Amino acid sequence: MHKESEIRDPLILGNKTYHDITRDIARPVEGKANKYWWILFGLSVALFLWGVGCMAYTIGTGIGVWGLNRTVNWAWDITNFVWWIGIGHAGTLISAVLLLFRQKWRMAINRSAEAMTIFGVIQAGLFPLIHMGRPWLAYWVFPIPNQYGSLWQNFNSPLLWDVFAISTYLTVSTVFWYIGLIPDFAMIRDRMSKTISPMKKKLYTLLAFGWSGRAKHWQRFEEVSLVLAGLATPLVFSVHSIVSMDFATSVIPGWHTTIFPPYFVLGALFSGFAMVETLLIIMRKVVNMEAYITIKHIEYMNVIILFTGSLVGTAYITELFMAWYSGVEFEQYAFLNRATGPYWWAYASMMSCNVIIPQLYWIRKIRTSFIATFILSIFVNIGMWFERFVIIVTSLHRDFLPSAWTMFSPTFVDMGIFLGTIGFFFTLFLMYSRTFPVVAQAELKTILKSSGSEFKTRSNE
Amino acid sequence: MSKKILYAIFDDDEVLVKSVKELRSKGIEIAEVYSPFPVHGLDHALGLKETRMAITAFIYGCLGLAFGGLLIYYIMISGVGKSWPMNIGGKPNWTFYQNMPAFVPIMFECTVLFAGHLMSLTYLFRNRLYPGATTTSPDPRTTDDKFLMELEIEGSDVEIKKILTATGASEINEKGNENE
Amino acid sequence: MKTTKKYWKGLAQLNDDPIVEKLAQNEFVEQLPVDEFLGDQENLSSTSSSRRDFLKFLGFSTAAATLAACETPIVKSIPYLVKPDEIIPGVANYYASTIYDGRDYASVLVKTREGRPIKIENNGTSSNSRVQASVLSLYDSARLRHPLKENKETDWNTVDKEIREKLGNIKSGKIAFLTSTILSPSTNKLIEEFSKNYNNVEHVMIDSTPYDGILDANMDSFGVRLVPTYSFDKAAVIVSFGADFLANWMANEYATDYVNGRNPKSGKMSKHYQLETNLSLSGSNADKRIQIKPSEQGYLISSLYDAVQGKDFDSRLSHIVKALKSNPKKSIIISNSNDKNIQLLVNAINQKLGNYNSTISIAKPSNLKQGNSEKLNALISDMKNGNVSALITYNVNPSYSLEKANEFNKALQNVNLKISTSLHNDETASLMDYVCPDHHNLESWGDANPKHGVYSLMQPTISPLFSTRQFQESLLVWSGKSDYQQYLQDFWMNKGIDWNKSLHDGFFDMKEDKLKLKRFVDQSKSIKSSESNLIELEIYETIALGDGFQSNNPWLQELPDPITRACWDNYLTISATTAKELGLSNWNVSNGALNGSLVDITTNEVTLKNVPVMISPGQARSTVGMAIGYGRTKAGKAGDNVGFNAYPFLSAKTVNISKVEGEYEFACIQLHHTMMGRDIVKETTLSEYIKDPSSGNHRETYQTYKGKLTADKVSLYDEHDLETGHFWNLSIDLNSCIGCGECVIACQAENNLSVVGKEEIRKSRDMHWLRIDRYFSSDMTKKLSKEEKISAIDMFSEMEVPSENPEVVFQPVMCMHCNHAPCENVCPVAATTHSNEGLNQMTYNRCVGTRYCANNCPYKVRRFNWFQYSDNDKFDFNMNDDYGKMVLNPDVVVRSRGVIEKCSMCIQKIQELKLNAKNSGQPVKDVDAQTACSASCSTNALTFGDSNNKDSKVWSLRNDDRAYDLLDHLNVRPSVFYQTKIRNKA
């Protein structure tokens with residue numbers, strides 16, 4: 001079985017036994033919510049409803065209620081879309097890529113990270129839908145045989161690639177997630193007593209699909225997880241590459257850039273991990289998971305953020321260099337305009353939040369502090385939102401013909417919808433944190449002996 | 001002769017594996033083992049065959065790739081393309097290979113889509129897992145921290161019980177009269 | 001053998017039971033108790049309906065409710081009971097007619113569909129945006145629908161009765177006609193006859209912008225009070241002192257002549273000097289533009305006169321003098337001044353240069369301007385003294401458009417009988433006793449004599465929409481006759497005109513001998529320069545609204561001014577320097593919309609409060625300009641309270657300007673005024689062009705395995721076949737385009753473009769498929785920055801600032817119909833695809849509105865329907881109005897909310913063309929191929945055609961050395977291409 005160096009810090013604190021793990025993971029589901037949870041939940045639901053209102057208004061009246069115009073035809077809608085998709089990426093990366101790399105520390109957090117992925121992608125999916133002029137015809141983007149005979153989609157269009165990429169991503173990561181959930185649901189099912197909480201018992205029996213943990217099933221389980229991880233890894237890279245192609249395949253200076261796919265994927269992981277941190281630091285408090293989500297996990301993620309952040313920074317510089325090196329006046333102006341034009345403040349906040357601030361993680365003290373990490377992760381989230389805003393709006397608002405140049409400024413509806421999706425996201429996540437086993441306990445038990453503090457201390461004696 | 005089913009419960013995975021090895025070396029067949037988490041090395045100890053989930057995934061993947069390719073070929077190039085030739089941005093809509101680069105993303109996505117979903121379905125199907133199915137584990141604690149070994153024996157079980165206790169089984173129950 | 005089998009239905013029948021017979025008679029053996037049940041009333045009423053009944057009712061009402069719920073669209077349409085022979089549904093009829101509203105004259109073809117005029121086409125002559133838009137004014141729901149008496153509706157009989165008796169009772173006082181310049185000989189005759197019936201009738205004509213200066217000067221010089229006709233095509237040198245002859249000065253045909261005189265191919269290209277205050281359309285097309293104050297004009301003209309007499313002159317004129325000297329008898333000097341002395345000087349100069357009878361003809365004069373301010377002032381004073389007992393106005397709105405409107409209104413109170421024949425209950429009409437609403441042009445009969453020997457006829461193209469009556473008809477009725485149509489016909493047939501042919505053609509020429517002129521005598525006095533540091537005001541007219549006669553026309557209101565690119569407004573134009581001195585500024589708010597500071601304008605007579613200033617390059621220092629035609633109060637929902645009324649300043653020379661608090665919101669659709677050093681409008685000079693026709697048209701070449709090639713020769717993959725069949729191309733000659741915006745209106749009329757209103761324009765959501773970009777030159781250039789080592793950042797920021805006196809270029813931009821269209825590739829639902837005739841087609845009903853195509857369009861010509869623009873009270877323009885909707889072109893769908901739209905190259909016209917060709921069994925003729933814009937263009941800047949046809953005009957233009965694709969480095973292969981602009985400068 002898996003051996004681990006003694007000097008490594010334990011991943012599971014407190015003298016936990018298998019049963020303790022079971023109890024701790026089941027507690028949020030069985031117990032009552034604490035007041036933090038209720039406060040957050042109320043807040044998110046309120047935001048969510050506000051967003052729903054704004055969406056209804058948009059669909060009822062027309063896209064004109066946003067701040068868009070003949071030159072800037074995308075702004076907050078697609079910015080938010082890319083932002084949410086990006087956030088989605090860390091989850092799959094943690095559960096898939098880290099699984100392939102046999103990173104044991106992922107086990108405490110991958111469940112929640114994946115949940116975040118799915119909820120994030122749901123938010124992202126909303127935007128392509130409502131940003132349409134006629135959303136009630138959205139189904140036209142799927143290749144459904146129709147009475148018009150030869151009326152089909154255009155497979156040259158990156159937007160159609162998006163449709164396939166995102167629906168695949170959403171469904172596959174959901175399946176991946178659920179396969180992992182089944183044994184844990186079974187655990188909860190078996191703890192539920194028929195007499196005290198019959199409804200819950202029924203519910204979890206249903207969710208557990210009748211899992212009974214036979215040796216053969218476990219064998220298949222592990223193989224399937226491995227293969228799904230193998231599938232999800234290229235998927236996660238492909239999805240954001242394709243999203244980036246929405247821009248890269250166009251002709252607009254500032255969009256038409258070959259560096260976009262890797263650059264976007266990195267940015268996605270970057271922002272994704274930031275969001276994971278934001279969520280986990282909240283979650284470990286509201287559902288008392290301090291023993292399982294330790295500073296060690298946070299530190300590992302901080303290292304990844306530091307790494308990807310620096311790479312993203314490199315990408316920014318490369319863009320500028322390529323613009324100058326290409327010798328194309330339109331390219332050159334586009335990037336000059338980003339940095340010094342009317343939207344310089346967006347570019348500045350992007351640079352400072354994404355490139356400069358994460359450099360603080362070189363300092364161990366900051367890297368290993370929950371408070372600092374929480375604050376910095378918020379900064380990164382903001383920075384990444386601005387990155388997308390900069391790419392989309394500042395490239396569009398001044399393209400080829402100066403006669404068409406103009407500016408963009410959001411309306412309350414733009415903002416309302418964005419806040420709404422944030423509310424929706426947290427609503428889902430908080431509900432999840434109270435009804436799902438938030439840690440993959442079955443997997444976690446496999447590393448208890450190797451990384452549990454108790455066993456470590458014992459073997460150190 | 002009456003058939004008897006024994007349930008030996010262990011508290012620790014390593015102990016379980018040892019005992020499994022012990023029993024099998026003595027030529028005693030183990031019907032099934034229920035554990036709260038995948039116990040490494042157990043499948044070898046039990047002498048389970050390699051699972052073929054990965055192979056199915058590969059097949060499904062190929063299927064998806066073919067589907068994606070054909071779908072696009074039908075819509076953009078052949079049939080429809082011919083019956084209603086669409087000139088989209090001057091792209092060559094009469095050859096697949098010239099227009100290929102634009103089709104790669106979707107063909108890839110189709111591959112993953114098929115592989116991922118169909119394999120998972122097969123997995124559920126082979127494990128008899130479906131909404132509403134009930135657990136077949138004799139002891140609910142097997143999803144918590146207990147490891148249960150199921151043996152089918154004929155004749156006397158004294159010998160086996162001895163070995164089991166020796167190899168560290170915490171409880172040994174017979175089907176029918178488990179002591180609750 | 002014959003069968004005798006008998007089939008019986010039952011034993012009863014077999015043995016002939018009577019019941020069989022009985023049943024055969026009556027299926028109910030017993031009488032049903034119907035009467036019992038229904039017969040007795042109170043029994044019926046008393047019966048409480050049973051459960052079954054209830055269920056029946058329930059069932060019925062549910063069904064009824066369901067049926068009621070599925071609403072069927074109400075389509076107001078009435079079928080022809082007897083179909084008129086000439087009307088074939090779906091086929092357009094064209095009628096030759098004339099548009100004249102007292103301001104703009106044009107001989108036109110009116111396109112009618114199912115009996116509705118929907119479009120104005122040029123009848124081989126030139127028109128302008130107002131003429132093009134006048135078809136919408138026909139359907140103006142603000143028009144009067146009945147005659148009015150004291151602003152109350154009434155009927156014609158009462159009006160006529162009362163008017164006739166009131167006119168009859170007039171003893172001493174005058175009966176005065178106050179009309180616009182009248183071009184119609186028959187109308188003049190009518191007024192004569194009218195004055196025979198009633199004693200001392202006086203007829204006063206006025207022009208909204210007076211031309212007395214030039215008229216009186218000609219009276220003195222030649223003895224005729226008329227304006228000459230100019231042949232700008234014959235002139236080698238054109239010197240215009242402030243006269244905007246390409247836009248609003250005199251006749252709109254001058255633009256056509258001007259461009260015909262500037263064809264670089266023939267090497268014959270006039271040299272155009274413009275000395276002006278406001279940057280006018282003419283000024284922006286001039287080869288050399290000199291900024292002067294209005295007060296300097298007189299002095300400069302007189303100095304020019306000195307120059308041609310060989311005396312010494314102002315150094316600023318040196319170039320001009322040289323040019324004039326080297327082109328005797330082939331120049332034109334004009335001035336917009338309304339000062340007789342200045343015009344006398346102009347006449348003297350033209351005489352001295354021998355331009356009369358070569359480029360200027362007074363012997364064959366123009367009749368377009370005959371207004372007489374002296375007579376008007378006399379009339380007003382008469383009215384004051386009560387000497388006028390009846391006033392009849394026609395085609396004029398003096399209470400709005402007179403400089404001294406208040407004085408006129410006061411005087412009006414002393415007139416006993418006040419009659420207006422206005423179409424609207426406008427500022428003047430609302431003060432009148434009677435309003436006898438006139439027909440719109442398109443409902444009227446008429447004739448016109450715009451210039452010596454040239455005549456055109458006006459015929460109705462729709463039966464009157466409202467209970468209105470033509471002015472001429474009213475005259476006839478009031479003098480006891482009737483039927484103006486007959487009158488008109490007789491009038492001309494007596495002159496020996498082939499009525500039917502002329503009516504069909506819309507015009508006819510008549511041999512008329514030249515006017516008798518008295519020998520030219522030079523009465524000019526030289527004018528000294530007068531130094532003043534006051535701010536001087538120059539009033540101008542916009543290309544869109546002119547004198548404001550059509551203020552209620554939303555098309556014109558939303559037509560951006562070619563220079564400032566602002567619409568829905570007038571404003572005080574001011575130079576950047578002067579603005580800085582006065583602490584005035586323009587700025588863009590966060591969404592890009594333009595705002596400006598406010599000022600009060602005061603002269604010793606009038607003040608105008610809170611007028612916005614628009615900083616406009618080219619405006620002479622310490623001068624301001626302001627457009628008339630705005631600030632209407634009784635025009636209608638579109639025209640009311642738009643902008644400010646500048647008429648009171650008509651003859652104001654200097655004004656005081658004081659900044660006031662507050663800011664003003666403009667609707668300006670172009671934020672950036674310079675080309676930022678980009679190769680967008682390619683231009684060269686005549687001398688360069690003669691040396692090398694492709695000069696200024698440098699095309700980047702790229703290294704390929706086939707050697708160096710231009711972008712359009714390089715492709716990644718095999719091309720679609722565009723050689724077979726048609727390949728529709730459009731050539732835009734930037735040298736011929738004067739930026740007048742006529743095509744924009746034509747496009748709007750042809751393609752049912754929606755008007756979106758000021759607020760949406762502010763949000764940069766204009767819906768024009770065709771826009772005319774205007775670029776100013778900047779002092780900062782790439783070359784300069786290299787020489788002076790200026791950093792890129794500074795260079796670009798300085799490039800955004802236009803020069804003080806910039807060179808101006810206009811560039812019409814519509815969908816380029818790229819054959820490698822970026823927009824087509826990115827549409828997920830294939831809503832925009834390419835036709836094999838080279839057109840980029842937009843399928844509205846497939847569009848889901850992702851707007852990706854609009855983002856990916858390098859030219860930004862795609863327009864998105866942000867809202868439902870038709871039948872929406874938030875956009876209360878012609879598409880939300882039952883009358884306004886009658887102008888819609890049935891061949892073009894009205895786009896719904898949430899879809900992208902764009903220029904279709906008038907696909908409906910192309911299809912019509914091909915159908916006609918097919919029916920007539922002949923190949924498509926190149927001359928017939930027209931888009932709305934190319935057809936309307938008075939200067940033939942746009943040429944449409946099939947460039948697969950080797951002898952088509954567009955093919956030769958495609959292969960011209962001047963031809964270039966906009967942004968050709970993108971290699972999108974546009975079907976629309978441009979011809980380089982050529983300036984005739986040293």
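Start by selecting C:Lys909, which counts as buried because its relative accessibility is 10%, under the 20% cut-off. Keep in mind as you click around that this is a predicted model.

**Stop 1: a bridge across chain C**

With C:Lys909 still highlighted, add C:Glu121 to your selection. The two form a salt bridge, and their closest N and O atoms are 3.8 Å apart. The pair ties together distant parts of the chain: C:Glu121 sits in strand S3 (residues 116–122) of chain C, C:Lys909 sits in helix H30 (residues 907–919) of chain C, and they are 788 residues apart. Is C:Glu121 buried or exposed? C:Glu121 counts as buried, at 10% relative accessibility. Why would a pair like this form at all? Side chains of opposite charge can pair when their charged atoms come close.

**Stop 2: zoom out to the whole of chain C**

Now show chain C as a cartoon. How many helices and strands does chain C have? There are 32 helices and 44 strands to find. Turn the C-alpha trace of chain C along its principal axes, and it spans about 140 × 95 × 65 Å. Of the 986 residues in chain C, 61% are buried.

Next, think about who touches whom. Take the contacts in chain C between residues at least 6 apart in sequence: 73% of them join residues at least 24 apart. Switch to a surface view and you're looking at about 40,400 Å² exposed by chain C, with carbon and sulfur atoms supplying 54% of it. If you color by charge, chain C has 111 positive and 119 negative charges, and their mean positions are 4 Å apart.

**Stop 3: a negative patch on chain C**

Stay on the surface and select C:Asp779, C:Glu788, C:Asp794 and C:Glu798. Together, C:Asp779, C:Glu788, C:Asp794 and C:Glu798 form a negative surface patch. Click on C:Glu798 and you'll land in helix H27 (residues 792–799) of chain C. C:Glu798 counts as partly exposed, with 40% relative accessibility.

**Stop 4: where chain C touches chain A**

Go to C:Asn855, in helix H29 (residues 852–855) of chain C. How much of C:Asn855 is accessible? Its relative accessible area is 0%, so C:Asn855 is buried. Show its neighbors to see what is around it. Leaving out residues up to four places away in sequence, C:Asn855 touches C:Lys860 and, from chain A, A:Thr71, A:Val72, A:Asn73, A:Trp74, A:Ile252, A:Trp255 and A:Leu396.

**Stop 5: chain A, bridges and a greasy patch**

Moving over to chain A, pick A:Asp20 and A:Arg23. Their side chains meet in a salt bridge, at 3.2 Å from N to O. Both A:Asp20 and A:Arg23 are in helix H1 (residues 18–30) of chain A, three residues apart, which is about one turn of the helix. A:Asp20 is buried, with a relative accessible area of 14%, whereas A:Arg23 counts as partly exposed at 36% relative accessibility.

For a bigger set of partners, select A:Lys296, A:Glu299, A:Arg364 and A:Arg367, which are linked in a network of salt bridges.

Then try A:Trp50, A:Tyr57, A:Phe412 and A:Leu419. These residues make a nonpolar surface patch of about 420 Å². Helix H2 (35–61) and helix H14 (412–435) of chain A are the elements that give two or more residues to this nonpolar patch. A:Phe412, for one, lies in helix H14.

**Stop 6: finish on chain B**

Select B:Lys161 and B:Glu174, whose side chains meet in a salt bridge at 3.3 Å, N to O. This pair links distant parts of the chain: B:Lys161 is in helix H7 (residues 158–166) of chain B, B:Glu174 is in strand S4 (residues 171–174) of chain B, and they are 13 residues apart. B:Lys161 counts as partly exposed at 28% relative accessibility, and B:Glu174 is partly exposed too, with a relative accessible area of 21%.

Your last selection is B:Lys49, B:Arg52, B:Arg126 and B:Arg128, which form a positive surface patch. Where is B:Lys49 found? Look in the loop between helix H2 (42–46) and helix H3 (53–77) of chain B. B:Lys49 counts as exposed because its relative accessibility is 68%, over the 50% cut-off.

Want to keep hunting for bridges? Over all chains, the structure holds 79 salt bridges.

How values were computed
Residues are numbered from 1 along each chain as its sequence is written. Chains are lettered from A and ligands numbered from 1 in the order in which they are written. This is a predicted model: local features need pLDDT of at least 70, side-chain atom pairs count only at pLDDT 80 or more; totals for chains, interfaces and linings use all residues. Side-chain values use heavy atoms; hydrogens and water are left out. Helices (H or I, at least four residues) and strands (E, at least two) are DSSP runs, numbered from the N terminus. Buried means under 20% relative accessible area, exposed over 50%, partly exposed in between (1.4 Å probe, protein chains only). Contact means heavy atoms within 4.5 Å. Accessible areas come from the Shrake-Rupley method with a 1.4 Å probe; for residues, only the protein chains shown count as cover. Lys and Arg count as positive and Asp and Glu as negative; His and the chain ends are not counted. The place of a charge is taken as NZ of Lys, CZ of Arg, CG of Asp or CD of Glu. Patches are made of residues with over 30% relative accessible area and no salt bridge: like charges are joined within 9 Å, nonpolar side chains (Val, Leu, Ile, Met, Phe, Trp, Tyr) within 5 Å. A salt bridge is a side-chain nitrogen of Lys or Arg within 4 Å of a carboxyl oxygen of Asp or Glu.
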